[in-house]
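Let's take a walk through this fold, one piece at a time. Have a look at the model first, then read on.

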Amino acid sequence: MKSEKYSYNPFETAQKQFDRAADMLELDQATRDLLRSPMHEYHFTIPIRMDDGNVKVFRGFRVQHNDARGPAKGGIRFHPLETIDTIRALSMWMTWKTSVVDIPLGGAKGGVICDPHHLSPHEQERLCRGWVRQLVKNIGPFSDIPAPDIMTNAQHMLWMLDEYEVLVGDKYPGFITGKPVGMGGSQGRMEATGYGAIITLREALKELNIKPESTTASVQGFGNVARNAIELYHRMGGKVICVSSWNEKDHCAYSYRKKEGVDLQELQTISDHFGGIDKIKAQELGYELLPAEAWLEQEVDILIPAAIENQITAENVNRINKKVKIVVEGANGPTTNEANSILEKTGVFIIPDFLANAGGVVCSYFEQVQSNMNYFWEKDEVLAKLDAKMTAAYIAVSDFARFNNLSMRESAYVISVNRVAQACRDRGWV
Ligand code: NAD
């Protein structure tokens, strides 16, 4: 399994980031107290009859951080090392993400401590249904709308929807997002996060007066976000010269470089569902096989970390090539706070994660709207609406950053926390 878990307490990190924004906004104590902790937390057990006839008890969670701006929204993770603090942090980050792109939703996150690799499809189905049974009174299409996340997929969402509709006794396709296209899913959801990241990059390049076709990039990861980001970036005229991915067999990551530019389609034919690239075939196709961190040492204009968290750290940040001008954080939390400060000092322009990768939740919101109407848009329409939302969010953050002499991350935090705080005040909560 990939090293997906945090080596620090993510909730403490999220609270520190919030405290900084709260200081900049000079928030009063009550608003700080309200936003520093989740509104609701549900911890529960899920007893499951396993295929061998025995009952196994799993632990599940749902954390609703804030719903002042609209129903809470966030994914459900299935992970053997899941912790309540990870879920708390992610629920808070969801509140800021939905706020920064100005969609009428709040933030939530959920999970179950389990390893789906070791569960049969029937056991997974029972687990999904059990999760919904424990929460049916506390979630719903107008209060808290779940979605897929690590190791959960469209099939899991459909089982959860079915259980909810059986329990409630009616059809509520807007109860959950990430459903399969044709069963209430939205066109464009697969592309949304990677495309969204490149839309923010396109706007940054405009602002910095750089032509996309004159740029090169290096990408960490070759999964959903990375592939779609590479596709749109290539269509804009840029050239990716290096990608990296996790190799399950060797239990380490490698970077793959082709100086004349990687061929997305060719790499897709030699990669698996999990975004792992076949290193032998890659070499046969003329890719240089390099160590894991080589992706960040390349002489390129743009770095796109789109794999996992904590990848640009105080230890490796100085290995980033001096030519790099922009970092687009496709992944959640790829840059540690220390590395972020160093990069900002050297003048690197960082498009922060909760803005750069918000395309996914924007499209989930579109799915919820379409499901509630039971009328589905063509892919072009979804992608045009995605572009409009991401562009508007980018411009708002960048204008505010420029006028107030803030970094993009500080600006994004101030804007999003301020919107949520204002909604709490408008409702008379504080
Ligand atoms: P994915 O599982 O499809 O792909 C992950 C990729 O990262 C794979 O290619 C894997 O080989 C690679 N990888 C894992 N560990 C690595 C390492 N140590 N070094 C190099 N490569 C490594 O995941 P995804 O959906 O593309 O998500 C990527 C990131 O984006 C995650 O941080 C996720 O939380 C974030 N994100 C995803 C979405 C979405 O809609 N998919 C939305 C918002 C944020």
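Start with helix α6 (residues 189–207), which lies across β10 (302–305), β11 (326–328) and β12, at about 160° to β11. A word on the terms: helices (H or I, at least four residues) and strands (E, at least two) are DSSP runs numbered from the N terminus. Axes are lines fitted to C-alpha atoms, for helices over the stretch in contact, with angles from 0 to 180 degrees between N-to-C directions. This is a predicted model, where local features need pLDDT of at least 70 and side-chain atom pairs count only at pLDDT 80 or more, while totals for chains, interfaces and linings use all residues. Residues are numbered from 1 along each chain as its sequence is written, and side-chain values use heavy atoms, leaving out hydrogens and water.

Now for the sheet under that helix. It's an open one with 7 strands in the order β9-β8-β7-β6-β10-β11-β12, and the pairing is mixed; two strands pair if DSSP finds at least two bridges between them. At the edges sit β9 (288–291) and β12 (349–351), each pairing on one side only. From one strand to the next, the twist averages 20°. Further in, β6 (residues 216–220) and β7 (residues 239–247) run parallel and are joined by 5 bridges; Ser218, for one, has Cys242 of β7 as its bridge partner.

Next, helix α12 (residues 359–373). Its end C-alpha atoms are 21 Å apart, which agrees with the 21 Å that its 15 residues should span at 1.5 Å a residue (the expected span is 1.5 Å times one less than the number of residues). Of those 15 residues, 12 are buried, so α12 is largely enclosed by the rest of the structure. Buried means under 20% relative accessible area, with a 1.4 Å probe and protein chains only. Among the buried ones are Tyr365, Phe366 and Glu367. Their cover includes β3 (72–79), α3 (84–100), β5 (144–148), α13 (379–404) and our old friend α6. Right after α12 comes Asn374, with a positive phi near 55°.

Finally, where do α2 (residues 29–36) and α14 (residues 408–426) meet, and at what angle? Their axes come within 11 Å and cross at roughly 110°. That makes α2 roughly perpendicular to α14, a label covering 65 to 115 degrees. Thr31, Leu34 and Leu35 of α2 touch Val417, Val420, Ala421 and Cys424 of α14, where contact means heavy atoms within 4.5 Å.

Technical notes. Buried < 20%, exposed > 50% of the residue type's maximum accessible area, 1.4 Å probe, protein only. Parallel < 35°, antiparallel > 145°, perpendicular 65-115°, else oblique.
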